[in-house]
Each structure stands twice: as structure tokens, then as C-alpha cells.
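Me: I would like to go through the labels attached to this structure and ask, for each of them, on what grounds it was given. Please set the value against the criterion each time.

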Amino acid sequence: DESRFDDYESTSTQASPGMTNPTVDRSAVVGCLMQIIDHRRLEDGRLMILVQALERFVVEEVVSDSRPFSVANVQILLDKEELPWEREITQSRKETSEDLCKHLRGKAVEASFYYHDYEFGDHPKLPVQATNDMGDEKYLTNDDIPWIEISKLLPFAHYSTDDVCLDVANEKTARVHDSITSTLRSIDDDNGSSSSPNIALPLEQELWNGGILWDPPPVANVISRRAEECHNCDTLETLLWLALDDFCRATGFTLPEEIARLLPPEMDYLDITTDRQLSSKYPKLRRQRRLSYLAPALIENIESPSNKHMRQVWLNTPSTSARLLGALERYDYLNNRMMGQFE
């Protein structure tokens, strides 16, 4: 029954505000791949589950909608900066087909998963006793649940203290990109710059054209950077950290350790400290992608028109740079408001 996708205002089917006639089926829901890292059973049959977000995906096909849960075929979605045909494309290539992109995307997704051992190496646990005095599994009542302690379990990954896995991840990634480069060159040599009128657009382009992927809405009363031609992640990362530093100094807020570790080494002049830096082997683009999700998560509960119902919007954002820019605008807005620059 696809009728559950009919509501455009629901958070799971949110589409671009300016898209009146989407070209993509509304069942193309963008979601988040989760890993269950801990759980407890409640006495009423429910489960308390602690999960870690890994990657985002788009639903390609609903296989089963039967209870207790639905089953679907999904495709992992990478950010635009991670798409091999965006980075390795040659001057002669005028267009890229989904037939080619599907193969290259699979290699890039495989490479992305190699970093999970480092990014999600040390899993937190629920602060609730799992067994009773007899050693049997304990079924929790509401009185057994330490809600305050659970609220302190921030949804941020605990990086591994062992970075040996990054050697393997970086080696695998390099091999993937070498393979991608040679594949693109081979196809270009065979086909030249000829194009086909019936070429199938890459999935990401289809989702953008259909209003499923879209940039975060702009924020009023802040410096507009959207007209600039170059939105490179390095510049936006620097500007966002400066805004984060201003926010923390104005509010007295201390960044969680797992976010502070994302601070670039060359920005150690800021008032942001951490007890352990990320490994120098950890790729800069991975660091920037994680910041683009975690920075807006810090302020999603702050009362502000620009922060309402944004969690799904960040998932629907097609690139790391657009997500960094959207987060930067919202921190600029909050910083300006605290400085009394506008009512």
C-alpha cells in the first residue's frame, strides 16, 4: 500500500518546497541506516534500543509492508563530493549514465564502509543493568529506567583508539579510485565525447530533479554565501568552526568530546579543546561530512524558526558542502541574535 507516501508534509517523505510536480515517485524515501549496539527488554514487551547512525539511503522498492516491520530494497547515498564520477570525470565527458554510475557507486560505497571500524569503534552501552541477581535477563519497568543518565548518551560516535584499520581503509579507497579512474578513461577512449539522447541520468541527479534531494532552505538576516561560485568544503569547514567557537563562548556551552575531536589541527588557536585528536590518517572529507551532520544536531532543539523540522532536511541534502553551508547559516543566525544585532 503506497498510500502512506502521499503526505508531502510528513518528515519521511519531505520534498523540496519549490517542487510542485516531482518527477520521482514519492516512495523514494531518504532514510538512515542504523546499527543496533545495545538493547533492553521492557516488561510490557517493548524494546529499548540504542542505535548508531551509519549511512543514509534511499528506498528503491518496498518488498513487504507486513508487520511487525516493513522490508525494502535500498540504495546507499553518498555525498556529492564522494561520487567518483564527480571527482574523476574527464574534460571530454559530457554526461554520465546510470549504468556506469551504478558500478562506480558500488565501489565507492564499499570503500566508505571500510572506515566504520574506526568511526564507530567504541560503542557506548545503555546505563541499565541487563540481568537480575540470578543472572537472568532482566525485564525493565518504567521505574528501572534512569532517564537522566540515558539522556546523556549523545548520538555521537566514539572513535576507535586503534587507527590501524585506517591503513586498510585508505588502501582500499585508493584502489577503488584507481579502478574508477581507469574505467572512466577507458570508456572515454572508446566513446570520445559522443552522447546518447536516451541516456539514463545518475540516480542522484534523478533524485535532485525530482525534489527528493535538495539544499537546506536559506536563513534570513545572515551573510548570504549562496551566490558564490565556490563552495569548497575546506572554506566552509573553517567558517563553521569559527561560528561554533563564537556560539560556545557566548553560551558557555562545552562541545561534546566526539565533536571537538573533529577540529582541524591547524585551528588549534580556538578555545576548543579535546583530550585526543583524530588520527592523521583519517581523511579530511570524512571529517567534514561528520561535522556537517553533528554541528546542526547540537542546536536542533533550540527555539528558532530556522531549526524546525530540519533532521530530515539534512538527510535530503545532496552534498557535504551544502550541509556545512546550511549549518553555518543557522549558527550565524543564533550568534547574531545573541549579540543583539536584530530582533
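Reply: Let us begin with burial: a residue is called buried under 20% relative accessible area, exposed over 50%, and partly exposed in between. The coordinates belong to a predicted model.

Me: Why is Phe247 counted as buried?

Reply: Phe247 has a relative accessibility of 8%, and because buried means under 20%, the label follows.

Me: What makes Phe253 partly exposed?

Reply: The relative accessible area of Phe253 is 35%, and since the term covers values between 20% and 50%, Phe253 is therefore partly exposed.

Me: Why is the aromatic pair of Phe247 and Phe253 called edge-to-face?

Reply: In general, a pair of aromatic rings is described by the distance of the centres and the angle of the planes. For Phe247 and Phe253 the centres are 6.4 Å apart and the planes make an angle of 65°; because a pair needs centres within 6.5 Å and edge-to-face needs planes over 60 degrees apart, both conditions are met. A search of the whole structure finds five aromatic pairs, and elsewhere Tyr118, Tyr159 and Tyr282 form one aromatic cluster.

Me: How do you know that the charged end of Arg323 sits over the ring of Tyr293?

Reply: The charged end of Arg323 lies 4.0 Å from the centre of the Tyr293 ring, and the distance part of the criterion asks for CZ of Arg within 6 Å of the ring centre. The criterion also asks for a position within 35 degrees of the ring normal.

Me: Which residues form the nonpolar patch on the surface, and what makes Leu47 partly exposed?

Reply: The patch is formed by Met34, Ile36, Leu47, Ile49 and Val51, with about 440 Å² of accessible area together. Strands β1 (30–41) and β2 (47–64) are the elements that give two or more residues to this patch, and the largest share, three residues, comes from β2. Leu47 is found in strand β2 and has 44% relative accessibility; because this value falls between 20% and 50%, Leu47 is partly exposed, and because patch members need over 30%, Leu47 also passes that cut-off.

Me: Why is Lys102 called exposed?

Reply: Lys102, which has its place in helix α2 (residues 98–113), shows a relative accessible area of 57%, and because exposed means over 50%, the label applies. The C-alpha atoms of Lys102 and Gln75 are separated by 9.9 Å, with the two residues 27 residues apart along the chain.

How values were computed: Residues are numbered from 1 along each chain as its sequence is written. This is a predicted model: local features need pLDDT of at least 70, side-chain atom pairs count only at pLDDT 80 or more; totals for chains, interfaces and linings use all residues. Side-chain values use heavy atoms; hydrogens and water are left out. Rings of Phe, Tyr and Trp (its six-membered ring) pair if their centres lie within 6.5 Å; planes under 30 degrees apart count as stacked, over 60 as edge-to-face and the rest as tilted. Buried means under 20% relative accessible area, exposed over 50%, partly exposed in between (1.4 Å probe, protein chains only). Patches are made of residues with over 30% relative accessible area and no salt bridge: like charges are joined within 9 Å, nonpolar side chains (Val, Leu, Ile, Met, Phe, Trp, Tyr) within 5 Å. Accessible areas come from the Shrake-Rupley method with a 1.4 Å probe; for residues, only the protein chains shown count as cover. A salt bridge is a side-chain nitrogen of Lys or Arg within 4 Å of a carboxyl oxygen of Asp or Glu. Helices (H or I, at least four residues) and strands (E, at least two) are DSSP runs, numbered from the N terminus.
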